[in-house]
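Here is a short walk through the structure, with a stop at the salt bridges, the interface and a few individual elements. Have the viewer open as you read.

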Number of protein chains: 2
Amino acid sequence: MSSGVGIVEVRRGGLVESRHRVSAALIDEQGRLLAHVGDPELVSFFRSAAKPFQALPLVADSVTEAFAFSDAELAICCASHSGEPLHVETVLGLLRRVGCSEDDLECGPHPPFHQPSAEALRREGRPPTRVHNNCSGKHTGMLAWSRHMGVETVGYRRADHPVQLRIRRQIAELTGTPSDRLQAAVDGCGVVTYAQPLNGMAAAFARLVGSAERDAASPAGRVVRAMTGQPYYVGGSGRLSTRLMQTTGGRLLAKYGAEAVMCLADRERRWGAAVKIEDGQKRAVGPAVVEFLAQAGLLSEGEQQALGEEHVTPVLNTRGEVVGELRARLRLAGSG
Amino acid sequence: MSSGVGIVEVRRGGLVESRHRVSAALIDEQGRLLAHVGDPELVSFFRSAAKPFQALPLVADSVTEAFAFSDAELAICCASHSGEPLHVETVLGLLRRVGCSEDDLECGPHPPFHQPSAEALRREGRPPTRVHNNCSGKHTGMLAWSRHMGVETVGYRRADHPVQLRIRRQIAELTGTPSDRLQAAVDGCGVVTYAQPLNGMAAAFARLVGSAERDAASPAGRVVRAMTGQPYYVGGSGRLSTRLMQTTGGRLLAKYGAEAVMCLADRERRWGAAVKIEDGQKRAVGPAVVEFLAQAGLLSEGEQQALGEEHVTPVLNTRGEVVGELRARLRLAGSG
């Protein structure tokens, strides 16, 4: 296999049945490319991996102070949560505290990612509502910002709303892409989302943890502490971002985005990483991310073992039999 | 774009967010490659696209005659059905007629593909059972063969059971791959499945319709008549295989297989085709298949229009807004 190539193989019995192509970039705080596979300049949308940046203005503009956000509450503003009861309670509590209700959320409903929670709703005959949307915490943060700044809450999801203009400047600053050159589209939850090459995403995550480590009391410091200290609120039971932060005791910051984007940072080294599965399929993200981090020396043997079935994922059939596996074949290229 | 390249682009706003690579082969009855994109020799498993071949012995060995199968019943033996009430009734009726019950099915349960049917089960508090498995008709056919031939039904799904040895010879004959060189694995429903390059899959489908057109009373003729005449029983409401056969008035035979394989045949031209999305993701199959068939001249303008959102598929967010689309960019290469 030539240098810089990355594939996640889907094996059934002795043959590879499907293949996912991987691109990834590892970047230091100065923006230097340390290692990559595939195309480190592949452009994708941040999607939910932008959530830490969407939450920074909450701290910087004293919204978290005004409404006395706990770390768990700030973490859920950075979350793609699983809709477990504790997630839903936390969002509803925060909504009340900022003087809003579920009706003010502009995301659409979807069933909780957490299967037992989705099944509980079904058993009770309750359709999922907006608060179950994995982005409801982020939306609540945007409502809180609007309340605190005294601007109209309706339409907070649109690109021209003050909260989105504020976030756009934040993302421009961290990625180094001028604000007027950030390409926008509409995310799954209705909020504006921005495009970025993988090396830009990784650099933004490196800068985020760099700022956080230099000054724990900075907005970056507060956001990184909330996410890495309360990883359950950033995802949920068994979710990859949550597990990566839990398994490394918060040394890694991790945030997944739809269409198979994972942004990461190592707080000790102040390095950032971004991994994208070309075809957008989620099942390949765990194998690609764990193998990329392992080869880059960012996961110990013990941590790799603890992430076992995220690293090499069994394929089961409807009888519950293991009939294959997903496994990443990566060969990292250096910067040289 | 260079000749022979095939991609399904997933666009969000003005940018391509994800990409699916397409391989496809179009083959005539003599096995000649007429057109292709990507790698026409890409090896994958037949999965459910083997179902017409798995059903041929039912006719050839007089099982359909002995148990008086209707066309709809033979079609459901070739089906990845949606678990709609009519599918479930048809399978249960056939099971009774051959002297078996749902307990004899060796597939695992999964919720019906048809969402209203899945929701109805949930509302009634009934967990899905084996008969709801999309392959339950195929399994019933294998039970019927075993009953008729007087062999043990238990273990009919295993590679060394007489019904599977019979099917293996059938697949070897139609693909031209010697039986002892067919590579096997276990399918999602527990039955043995065989690997084949795309051009081999396409050739087998060309030979199937070739035999059918030469002799309507042949096993191939009976299977092709059942599938193209009763397409609802081969899939279900809104399913791609069903719609392709309905839209063309049965001129095309179509059967989807898991991990994004679609096998097709044009009965008039006696050509076969096989399309595979490299990464196995189902959402790209409609755009790739309809565009491939359109460029190969196998779908009229009217038929392409009737398959509208299969051809260019809108991407919706949780608010129900159209935020992007899937569209195939193919450039067919000729055989020369």
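E278(A) has a relative accessibility of 14%, so it counts as buried, the cut-off being under 20%. This is a predicted model, so please read every value here as computed from it. The partner of E278(A) is R21(B), and the two form a salt bridge whose closest N and O atoms are 2.6 Å apart. That pair crosses between chains: R21(B) belongs to strand β2 of chain B, while E278(A) lies in the loop between β9 (271-277) and α12 (285-295) of chain A. R21(B) itself counts as partly exposed because its relative accessibility is 27%. A salt bridge also joins E278(B) and R21(A), with 2.6 Å from N to O.

**Other salt bridges to look at**

Another pair is E17(B) and R47(A), whose side chains meet in a salt bridge at 3.1 Å, N to O. Here too the link runs from chain to chain, from E17(B) in strand β2 (residues 15-27) of chain B to R47(A) in the loop between β4 and α1 of chain A. Are these two residues buried or exposed? Both E17(B) and R47(A) are buried. Salt bridges also tie R12(A), E17(A), R47(B) and D187(B) into a network.

For a pair within one chain, turn to R97(B) and E73(B), where the closest N and O atoms of the salt bridge are 2.2 Å apart. It links distant parts of the chain, with R97(B) in helix α4 (residues 85-97) and E73(B) in helix α3 (residues 71-77) of chain B, 24 residues apart. R97(B) is partly exposed at a relative accessible area of 36%, whereas E73(B) counts as buried at 11% relative accessibility.

Here are these salt bridges side by side.

| Residue | Partner | N to O distance |
|---|---|---|
| E278(B) | R21(A) | 2.6 Å |
| R21(B) | E278(A) | 2.6 Å |
| E17(B) | R47(A) | 3.1 Å |
| R97(B) | E73(B) | 2.2 Å |

Over all chains, the count comes to 48 salt bridges. Between chain A and chain B, the count is 8.

**How the two chains meet**

Along with the salt bridges, 30 residue pairs are in polar contact between chain A and chain B. Which elements give two or more residues to the side of chain A that touches chain B? They are β1 (6-12), β2 (15-27), β4 (43-45), β5 (184-186) and β6 (192-197) of chain A. With 7 residues, β2(A) gives the most to that side.

In terms of contacts, 45 residues of chain A touch 45 residues of chain B. The area buried between the two chains is about 3,400 Å², and carbon and sulfur atoms give 44% of it. R12(A), E17(A) and T318(A) supply 18% of the area that chain A buries against chain B, more than any other three residues. Two of these names may look familiar: R12(A) and E17(A) also take part in the salt-bridge network described above.

How are the copies arranged? Two copies of a chain are related by a rotation about an axis and a shift along it. In this model, a turn of 180° and a shift of 0.0 Å along the axis lay chain A on chain B with an RMSD of 0.0 Å. That is the relation of a two-fold axis. Because 100% of the interface residues of chain A are also interface residues in chain B, the copies meet through the same surface.

**Strand β6 of chain B and its neighbours**

Strand β6 (residues 192-197) of chain B has 5 of its 6 residues buried, so the rest of the structure largely encloses it. It runs antiparallel to strand β4 (residues 43-45) of chain B, to which 3 bridges join it. In that pairing, S44(B) stands opposite Q196(B). Strand β5 (residues 184-186) of chain B is also joined to β6(B) by 3 bridges and runs antiparallel to it, and there V186(B) stands opposite V192(B). The hairpin of β5(B) and β6(B) has 5 residues between the strands, and in it G190(B) takes a positive phi near 100°.

**Helix α1 of chain A**

Helix α1 (residues 51-60) of chain A is likewise largely enclosed by the rest of the structure, because 9 of its 10 residues are buried. Among the buried residues are F53(A), L56(A), L58(A) and V59(A), and K51(A) is buried as well. Just after α1(A), S62(A) takes a positive phi of about 65°.

Conventions:
Residues numbered from 1 in each chain as written. Chains lettered and ligands numbered in written order. Predicted model: local features only at pLDDT ≥ 70, side-chain atom pairs only at ≥ 80, totals over all residues. Heavy atoms only, no water. Buried < 20%, exposed > 50% of the residue type's maximum accessible area, 1.4 Å probe, protein only. Helix = DSSP H or I, 4+ residues; strand = E, 2+ residues; numbered from the N terminus. Pairing = 2+ DSSP bridges. Least-squares fit on C-alpha atoms with pLDDT ≥ 70 in both. Contact = heavy atoms within 4.5 Å. Buried area = accessible area lost by both parts, 1.4 Å probe. Salt bridge = Lys/Arg side-chain N within 4 Å of Asp/Glu carboxyl O. Polar contact = N/O pair within 3.5 Å; in protein donor to acceptor, adjacent residues only side chain to side chain.
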